[in-house]
Amino acid sequence: MTISRRTVLSTAAGAAAACVTAAPAAGAAEGGTSAATLRTLGAAVDYAVEKVRSVAPGVTGFPVGTKFEKWTYSPNGDWVGGFWPGTLWMAYLRSKDESFRTWALASAQKLAPRQSDTSTHDLGFLFYPSWVTAWRLTGDEAWRAGAVRAADSLIQRYNPRGHFIRAWGALTDQANAGRVIMDTIMNLDLLAFASRQTGDSRYLDIAVEHAKTAQKVFPRADGSTPHVYDFDPASGAPIGPGTVQGYSPTSCWSRGQAWGIYGFTTMYRRTANKEFLVTAGRLADFAVGALSPDHVPVWDYRAPQQPYDVKDASAGAVMACGLLDLATATGRQSYRDVALRMLTALSTTCLTKNSARAEAVVARCTRNRPAEDGVEISLPYADYYLMEGILRVLQPQDVDRAVDLSAL
């Protein structure tokens, strides 16, 4: 595969030259968004900045979730380590306060040992919002090189017989050797980044093969998806759907659906393969249709208690980002309209403003409902994607500099 050359921040020098700019004037980038919505979103992201500013000096590791409203930490980042430095970068883009830049770089540096971690598919989650963004905003070659090394580790998880990247377990562990999950689609952009930076098509080739496999086995006729799909790791033959974090193999875990909307749209932007865009649209149409009037997703769209079951605000934040991206890619204003309603709902009903002790920005999140693990708590990726989503509306040029919103 030939990698298309793009001029937007394709070199370290380009990244260094891309200084952070002030927010564009209202109306220039907001696509006709109402003044009331802009005020609501602006107030929410400013609340997030001040919350992060107050908490950051006391953060001792990588936040993974809250207990009694206080962050609990992982020393090595688990699968979520990229979101804290990513959140600091979003706060920096909004505030232009150099303290956030300093904190973001220091936090990202603590992920350095994970560059060689071949035991997880989550290297995109770990290194894109932290190291790739650090390179794009500073131009320091060390960040770019480290992200490429992480991509080298990720492609070792590729199964060429089944054309998929396995999700869980060490490379020598046969227990999950054929397990694929929806979340992996979000890790593929690290591979696209590595191909652009090195000129080696191997990374993007693997990302494309995985995405093609995922779009064959995950979407159902109505656009819903399971969390898990299993293959025979030896032959690559498909076995069937399953779940870990959803209600059942036939249900639709809302955060997994959101990962798919965001991830397939990103793969379209990186490849111009319209099949990926069609898949993203199918997933989006199902999820939009499944939303309750409050525009905050339940944890699983097909759980028996829905639409009255517990919510997952993190699914809403991810989905809003994906819908904004999809609206740009398709030209469909309706996707943007839903995204704005979701961001407004999160900003007015899911923030931690009523608690003096809360350390996170977003409440009403659910990590793993079937395991009764993290129900109605705060999660670091909710904070990150809420800020990314709001800044996609208010400061799209700055978000582009951080995470690359360009297309082929």
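In the predicted model, the lining of the second largest cavity comprises 7 nonpolar and 2 polar residues, with no charged residue among them. The residues that line the second largest cavity are Ala290, Leu291, Ser292, Val296, Pro297, Val298, Tyr301, Gln306 and Pro307. Its volume is about 30 Å³. In total, 2 cavities of 30 Å³ or more are present in the structure.

The largest cavity encloses about 240 Å³ of space. Its lining consists of 21 residues, and Tyr128, Met186, Asp189, Tyr262 and Tyr385 are those that lie nearest the centre. Four helices, H5 (123–138), H7 (188–198), H9 (254–271) and H13 (380–394), each contribute at least two residues to the lining of the largest cavity. The greatest contribution is that of H9, which supplies 5 residues. By class, the lining of the largest cavity contains 12 nonpolar, 3 polar and 6 charged residues.

Besides the cavities, pockets were examined. The largest pocket holds about 340 Å³ of space. A total of 23 residues line the largest pocket, and Asp78, Trp79, Asp122, Trp168 and Gln245 lie nearest its centre. The lining of the largest pocket divides into 10 nonpolar, 6 polar and 7 charged residues.

Salt bridges number 23 in the model. One of the salt bridges is formed by Arg357 and Glu69, whose closest N and O atoms are 3.6 Å apart. This pair links distant parts of the chain, with the two positions 288 residues apart in numbering. Arg357 belongs to the loop between helix H12 (333–349) and strand E8 (365–368), whereas Glu69 belongs to the loop between E1 and E2. Arg357 has a relative accessibility of 40% and therefore counts as partly exposed. Glu69 is likewise partly exposed, because its relative accessible area is 33%.

A further salt bridge joins the side chains of Asp294 and Lys311, with an N to O distance of 3.0 Å. Both residues of this pair are in the loop between helix H10 (274–290) and helix H11 (313–330), 17 residues apart. Asp294 has a relative accessible area of 34% and so is classed as partly exposed. Lys311, in contrast, is buried, at a relative accessible area of 7%.

In helix H14, the side chains of Arg401 and Asp398 form a salt bridge of 3.3 Å, N to O. About one helical turn separates Arg401 and Asp398, because they are 3 residues apart in this helix. Asp398 has a relative accessible area of 1% and is therefore buried.

Salt bridges also join residues into a network, which links Asp189, Arg196, Arg270 and Asp404. Asp189 of this network is also one of the residues nearest the centre of the largest cavity. Asp404, another residue of the network, has a side chain that makes a polar contact of 2.4 Å with the side chain of Ser406. Ser406 is located in the segment that follows helix H14 (396–403). With a relative accessibility of 15%, Ser406 falls under the 20% cut-off and therefore counts as buried.

Strands E1 and E2 were considered together with the turn that joins them. Strand E1 spans residues 62–67, and 5 of its 6 residues are buried, so the strand is largely enclosed by the rest of the structure. In a regular strand, side chains alternate between the two faces of the sheet. E1 pairs with strand E2 (residues 70–74) in the antiparallel sense, and the pairing runs over 5 bridges. Within this pairing, Thr66 stands opposite Trp71 in E2. The two strands form a hairpin with 2 residues between them. Phe68, in the turn of the hairpin, has a positive phi of about 50°. Glu69, in the loop between E1 and E2, is the residue that forms the salt bridge with Arg357.

Methods. Residues are numbered from 1 along each chain as its sequence is written. This is a predicted model: local features need pLDDT of at least 70, side-chain atom pairs count only at pLDDT 80 or more; totals for chains, interfaces and linings use all residues. Side-chain values use heavy atoms; hydrogens and water are left out. On a 1 Å grid over the protein atoms alone, a cavity is a set of points where a 1.4 Å probe fits but cannot get out, and a pocket is an open set with protein on both sides within 12 Å along at least five of seven lines; lining residues have an atom within 4 Å of a point. Grid points are joined across faces, edges and corners, and a volume is the space filled by probe spheres set on the points. Ala, Val, Leu, Ile, Met, Phe, Trp, Tyr, Cys and Pro count as nonpolar, Asp, Glu, Lys and Arg as charged, and the others, Gly among them, as polar. Buried means under 20% relative accessible area, exposed over 50%, partly exposed in between (1.4 Å probe, protein chains only). A polar contact is a pair of N or O atoms within 3.5 Å; within protein, one must be able to donate a hydrogen and the other to accept it, and residues adjacent in sequence count only if both atoms are side-chain atoms. Two strands pair if DSSP finds at least two bridges between them. A salt bridge is a side-chain nitrogen of Lys or Arg within 4 Å of a carboxyl oxygen of Asp or Glu.
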